[in-house]
Amino acid sequence: MSSGRIRVLEPGDLGEGERERWRALRAASTAARNPFMEPEFTDAVGRVRPRTRVAVVYEGREPVGFLPHERGRLGQGHALAYGVSDAQGAVLGPGLGLNADELLRACSLSSFAFDNLEAEQELFVPHTAAEYASYVIDVEKGYETYESVLRAQSPKFLKTTLAKERRLGRQVGDLRFVFDERDPAALRTLMAWKSAQYRRTGRRDRFAQDWITRLVDLLASETRGPDCSGTLSVLYAGGQPVAAHFGLRSTTVLACWFPAYDPEFAKYSPGLVLHLRMAEAAAAEGIGLLDLGRGAAEYKDSLKTGELPVHEGAWTRPGAGAALYWLSREPSRRAHHFVRGRPRLAATAARALRGIGRLRRS
């Protein structure tokens, strides 16, 4: 499929020269080098989502821009791994004379939805419906500096968490942290914990969706690029796993994705301990930023040093495409914003979700 200077390809049809150009454009960007924006992540998604495509923009024979996306029925499109990926958008060269209409018409899309669009995405930010905070931990100056920041902003939190870590080691057994665990059994354990957490809190179980499970398996076992590598981190106590996390890392960013812990050890806050050790290990590897992702959570408030904006919204072509998108997405988004802006109502909704989770388990 092509439209003048724009070709739409399957990820596997990209040549090595195009991939290298993609990486070079990403490296030159002012945005943090989030691994979700690298070609390796697109390759992995393409292997489990057959409708994955990449629009490649050329100037002459030189590739100067890339838009990974998925095309649904009736031309409804969305950002790559929509609803799962924590960073989305196009990878474009500077000063490229291109607009969203030209790019997305070349993709034969009637709409293009995104829910974690990077703030630097000038092509799509005008189509934003809402802005959210993605919480981050800055360890650019080392882990000791990060701890000093925590002592200043959350002294009780840090003191309590470190005390629980010591108590976990005394009462359960010697602690061992592995930043890049390769044991498939540990990944299975994490998925089981996470599925149980989703059900317990009344939320949709992502690992009940086969393509997400296969994607995580693939990223964990085969994706080892320097700027997109599947990374499983595990905290062990007395030889058994008590908390784990699976995410992606580049040379500068650890994208935190699926954290969970064994509820049997909840009194020790093993998830918080795990995140502190992840921050320490990431800093030692030269990684300067841990991106905890969008969505408010108490543990994020305790750990964060700052926030980055991400956007939700959609480009829609006038006519049927816009109508289809609005009917499928806007009512639920408006309800979400209504609840999010009213803390008491949000707390009531959270209790209701937990109640639904208990009913599902009974």
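I take the expected span of a helix as 1.5 Å times one less than its number of residues. The model I am reading is predicted.

**Helix α6**

I looked up α6 first. It runs over residues 184-200, which makes 17 residues. From first C-alpha to last I get 24 Å, close to the 24 Å expected at 1.5 Å a residue.

Next I checked the ends. At the N-terminal end, Asp 183 acts as the cap. One of the Asp 183 side-chain oxygens sits 3.0 Å from the backbone nitrogen of Ala 185. Just after α6 I find Gly 202 with a positive phi of about 75 degrees.

Which residues of α6 are buried? I list Ala 186, Leu 187, Leu 190, Met 191, Trp 193, Lys 194, Ser 195 and Tyr 198. I note that an α-helix has 3.6 residues a turn, so residues three or four places apart point the same way.

What do these buried residues pack against? I find one helix, α7 (210-222), and the strands β11 (228-237), β12 (240-249) and β13 (253-261).

**Second largest pocket**

I then turned to the second largest pocket. Its space comes to about 500 Å³. I find 20 residues in the lining, and the closest to the centre are Ala 90, Leu 92, Gly 93, Pro 94 and Glu 120. Two elements, α1 (16-28) and β6 (91-92), give two or more residues each to this lining. Which element gives the most? My entry is α1, with five residues.

Last, I sorted the lining by residue type. I have 10 nonpolar residues, five polar and five charged.

How values were computed. Residues are numbered from 1 along each chain as its sequence is written. This is a predicted model: local features need pLDDT of at least 70, side-chain atom pairs count only at pLDDT 80 or more; totals for chains, interfaces and linings use all residues. Side-chain values use heavy atoms; hydrogens and water are left out. Helices (H or I, at least four residues) and strands (E, at least two) are DSSP runs, numbered from the N terminus. Buried means under 20% relative accessible area, exposed over 50%, partly exposed in between (1.4 Å probe, protein chains only). Contact means heavy atoms within 4.5 Å. A polar contact is a pair of N or O atoms within 3.5 Å; within protein, one must be able to donate a hydrogen and the other to accept it, and residues adjacent in sequence count only if both atoms are side-chain atoms. On a 1 Å grid over the protein atoms alone, a cavity is a set of points where a 1.4 Å probe fits but cannot get out, and a pocket is an open set with protein on both sides within 12 Å along at least five of seven lines; lining residues have an atom within 4 Å of a point. Grid points are joined across faces, edges and corners, and a volume is the space filled by probe spheres set on the points. Ala, Val, Leu, Ile, Met, Phe, Trp, Tyr, Cys and Pro count as nonpolar, Asp, Glu, Lys and Arg as charged, and the others, Gly among them, as polar.
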